Amino acid sequence: MEAYTAILEAAEYVKKSRRTVAFTGAGISVGSGLMTFRGKDGIWKRFDPAEVGSIQAFLENPERFWRFAREIGPELLGSKPNPAHLALTQLQHLGLLGSIITQNIDGLHQAAGSVDVIELHGNIRSVSCVSCQAVTPSSSHPHILDQHSVPRCDACGGLLRPDIVLFGEKLPQEAYTLALRRVRSCTLLLTIGTAMEVSPASDLPLIAKEGGARIININPSPSEADNYADFSLYGPSEEIVPRIVHALNVIL
Ligand code: ZN
């Protein structure tokens, strides 16, 4: 467990920062029971990303893609925010945190009540048709994960896909541009539960650093992310982030 002095130091950084931004990855949702994609127990140990994770794989074999979606979908849809998500919402309420940039598709920041969430990899709230591009809320397809055939567009019969970024696809331009703008102008970047392995999202901390921002990294164990950080706190984010907020409540 991280010593209180380290937690307090992080809290001091947050207190002094004029513009703080958070950048979160799969690690922040582990406390909600969601598996990470990478790492030793990650989803990519059970499924081959080349077979289910790319846009080419989807187009070649949509049946296989939707079998994978039916496997991981219920867990994603049933998950709840954990104390790390809630602590970030508290920081926003205290006026100590602006945007939350996330690589996650689970929507748990919004479920925790956070605002100004920038989703770099899309989300599972909507699906779109690869033929006519019609976008519809996932909730309007209640049996999408029960049916054993590939879901089809009501309007044109085209293949439906979730609005998440697959390998081989660009990040949503609007979200990425906004994320760049936020990290360029921040004075402190909290990177939480991301090992910075996926470009171009992994470029964000570098850009923040070039702009003169401090970086605090929170991860269960040492990773690539340490190289960017002014300092790192090791432990589960659902433990570390609430402790920082608690320390702030003492020193504010
Ligand atoms: Zn269509």
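**The contact between domain 1 and domain 2**

Between them, domain 1 and domain 2 bury about 700 Å², and carbon and sulfur atoms account for 56% of this area. On the domain 1 side, the residues that lose the most area to domain 2 are Leu34, Ile105 and Glu197, which together make up 55% of what that side buries. The model examined here is a predicted one. Its protein chain is assigned to domain 1, made of 1-34 + 81-121 + 170-252, and domain 2, made of 38-78 + 124-164. Ten residues of domain 1 and seven residues of domain 2 take part in the contact, while the C-alpha centres of the two domains lie 28 Å apart.

Turning to polar features, one salt bridge is counted between domain 1 and domain 2. Arg125 forms a salt bridge with Glu119, with 2.7 Å between the closest N and O atoms. Two residue pairs are in polar contact across the domains, both at pLDDT 80 or more. Sorted by class, the side of domain 1 that touches domain 2 holds three nonpolar, four polar and three charged residues.

Leu34 merits a separate look. This residue sits in the loop between strand E1 (20-24) and helix H2 (43-46). Leu34 counts as buried because its relative accessibility is 8%, under the 20% cut-off. Beyond its neighbours within four places in sequence, Leu34 is in contact with Ser29, Glu75, Leu76, Ser79, Asp106 and Leu108. For one of these, Ser79, the separation from Leu34 is 45 residues in sequence and 7.3 Å in space, C-alpha to C-alpha.

Terms used:
Residues numbered from 1 in each chain as written. Predicted model: local features only at pLDDT ≥ 70, side-chain atom pairs only at ≥ 80, totals over all residues. Heavy atoms only, no water. Domains from an automatic or database assignment. Contact = heavy atoms within 4.5 Å. Buried area = accessible area lost by both parts, 1.4 Å probe. Salt bridge = Lys/Arg side-chain N within 4 Å of Asp/Glu carboxyl O. Polar contact = N/O pair within 3.5 Å; in protein donor to acceptor, adjacent residues only side chain to side chain. Nonpolar A, V, L, I, M, F, W, Y, C, P; charged D, E, K, R; others polar. Helix = DSSP H or I, 4+ residues; strand = E, 2+ residues; numbered from the N terminus. Buried < 20%, exposed > 50% of the residue type's maximum accessible area, 1.4 Å probe, protein only.
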